[in-house]
Amino acid sequence: MAVALVAAVGDGPQPRHPVAKRGLTGGGRDAGGELLDRFGGRRRAGGARRSEQHEHERQARAAPMTSAGAGSPSSCRNGTVSPAGQGQRSERMGTVTVSEHAGQPPEPSALVDAEALVRAYYERRPDPSVPAQRVAFGTSGHRGSAFEAAFNEPHILAMTEAICRWRRQHGIDGPLYLGRDTHGLSEPAFRTAVEVLAGHGVDVMVDAAGGYTPTPAVSHAILTWNRGRREHLADGIVVTPSHNPPDDGGFKYNPPNGGPADTDVTGWMQDQANGLLAAGLDGVPRVPYERAVGGPSVHRHDYVGAYVGDLPAVLDLDAVAGSGLRLGVDPLGGAAVAYWAAIGDRYGLDLEVTNDTVDPTFRFMHLDWDGKIRMDCSSPYAMAGLIELKDRFDVAFGNDADADRHGIVTPGAGLLNPNHYLAVAIAYLFGGERDWPAGTAVGKTLVSSGMIDRVTADLGRRLVEVPVGFKWFVGGLLDGSIGFGGEESAGASFLRRDGTPWTTDKDGIVLCLLAAEMTARGGRDPGDRYRQLSGRFGSPAYRRVDAPATPAQKAALGKLSPEHVTASELAGEPITGVLTAAPGNGAPIGGVKVTTEHGWFAARPSGTEDVYKVYAESFLGEEHLERILDEAGRVVDAALASAG
């Protein structure tokens, strides 16, 4: 067995975190190399070996770069490089630029002030009359920054109270599994949630070792408890903004089906929470945190042991261990750090964790395309550190902060496009490696690659195409009618080997390990497998363009209809479809998708950030893709103009 933990950047003074002063940081390393237990204890990280690459990486990441300079938390809290300090390179549609610092380490002055962030969480009070300061559930819960009065203690008090009322109304009286990631706002929000849940006497399940708990571990725990039960069902909360910048916080609810809550649930909770904010949080019960964690309703649960111990039900880890594959993983400072060490230890994998540092500033990250720190494991900029190490491993992978996304790196392909890996995973799982019933379908979001359509048709499987949002796969994964559900943003999950549900939320950990399994069992890594698929089905050119959008502009884009598309052709091909509802379930897509024989584009507002997204793909090459994007741009421009 060899689990290697490469020390990450972070030498020298670390930002002081107000919660850390109380001995409650949980899961990361302190200056003495010990793991801090959120309930005050300490534990050693077992099975660790340090890499000789450490000093080289530390020096490389300390390289200087021009930044906006020091400023107030509101001016540089996201690690944003100012426009004056960046060389701008135009992308399609004229408004998107790539920072010249993308892929580089951040300047210290660009890091979030973690202490000021937590102070803002407790001190700033949202004004419920201001839309941007109200509770707003997007595709993945409520997100926002404490600096902007969009994620503060009153929000968490209100949302947790709304969840307790929902549970009471719907007879949900089993345990509530509570997880959190490593963002700076996640711990104070976790504490607030515990206080309200304890005030209602809810049986709350927190990590036994005081560590972090990723999204898939919470979903797995809910389904494990509820299996075979009809009463006393469990549900869960995950405190995470996923891959968002360090100053953001996030809060999402998973009902007893284990997956993301649907809009009927989140809409009710959102209205309740905003009503509570407007009423000054009158009647919200709380038990002080220290008393709550020592009381009868807060219970320690071994999330790591339960999840890691059950992995053979969904993966062939014996094959991985027996192959001798050299595996590398970068958790990007997220909640999966302890899980990867445990997986390597338990199953005897030659697995090296290239960065085990947990730091709320995420100072060890590489800047994303726009000069911001963002834990996006599907971004070649954010994943630059692991990509540099690709030749050291047979397969390497990364996760975002709550481990619901995956990034796959191979020596030949580098970081795989998420669409490429989804197609490879589907071809592998349904191509004979899993004995699932013939009627088990493949699920994809309608902005995922058409390569998936071609692979699925060749396999003779039914394709279920749904709007963006993993919630659309929950029912199918739960009843086994969908064997694999995936979305282009590198989120997916699939059934256990016996055809029963594993998780009904995205699981970046098992998608990473699947890359190791297919390499071990077939001798070809995911990059090689995609090259084989493209030789059979074509090599599509795919692009997603993100650009800033105001709430009014996002609303206008969400109302796009077939009437906005007046042309009969797209990039020289007859238009075969103009969709505003998903073919797989008839649900509105919140935008429009236009298709031809060899290409398509879709335009929609983001559900989690103030941006709009245009997706496009062509099986005829880059030049054809450019034409599609140009014509898509005209449709989007018209919609934005209508918003004023």
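Start with the whole chain in view and colour it by burial: of its 644 residues, 61% are buried. This is a predicted model, so it is worth looking at the confidence before going further into the details. Colour the chain by pLDDT, and you will find a mean of 86, with 84% of the residues reaching 70 or more. Now select residues 1-95, where the pLDDT is below 50, although this stretch has 250 contacts in the model beyond near neighbours in sequence.

Next, switch to a cartoon display of the whole chain, whose secondary structure comes to 19 helices and 28 strands. As you follow the chain through these elements, keep in mind that, among contacts with a separation of 6 or more, 71% join residues that are 24 or more positions apart.

**A pair of helices**

Select helix α4, residues 153-169, together with helix α5, residues 186-199, and turn the view until you can see both axes, which come within 9 Å and cross at roughly 40°. Because an angle of this kind is neither under 35 degrees nor in the range from 65 to 115, α4 and α5 are described as oblique to each other. The crossing in which α4 passes α5 is right-handed.

Which residues make the contact between the two helices? Show side chains for Glu153, Ile156, Leu157, Thr160, Glu161 and Cys164 on α4, and for Ala189, Thr192, Ala193, Val196 and Leu197 on α5, since these are the residues that make the contact. If you colour the residues of this contact by character, they divide into 7 nonpolar, 2 polar and 2 charged.

**Two residues with a positive phi**

Move on to histidine 232, which you will find in the loop between α6 (215-226) and β10 (235-239). Histidine 232 is not a glycine, yet its phi is positive, at about 55°. Is this residue, histidine 232, buried, exposed or partly exposed? With a relative accessibility of 44%, histidine 232 counts as partly exposed, because that class lies between the 20% limit for buried and the 50% limit for exposed.

Finally, select phenylalanine 362, in the loop between β14 (350-353) and α12 (384-388). Phenylalanine 362 also has a positive phi of about 55° although it is not a glycine. Show the surface of the chain around phenylalanine 362 and look for its place there: with a relative accessible area of 0%, phenylalanine 362 is buried, whereas histidine 232 is partly exposed.

Methods
Residues numbered from 1 in each chain as written. Predicted model: local features only at pLDDT ≥ 70, side-chain atom pairs only at ≥ 80, totals over all residues. Heavy atoms only, no water. Axes fitted to C-alpha atoms, helices over the stretch in contact; angles between N-to-C directions. Helix = DSSP H or I, 4+ residues; strand = E, 2+ residues; numbered from the N terminus. Parallel < 35°, antiparallel > 145°, perpendicular 65-115°, else oblique. Left-handed = near helix turned anticlockwise from the far one by under 90°. Contact = heavy atoms within 4.5 Å. Nonpolar A, V, L, I, M, F, W, Y, C, P; charged D, E, K, R; others polar. pLDDT = per-residue confidence, 0-100. Buried < 20%, exposed > 50% of the residue type's maximum accessible area, 1.4 Å probe, protein only.
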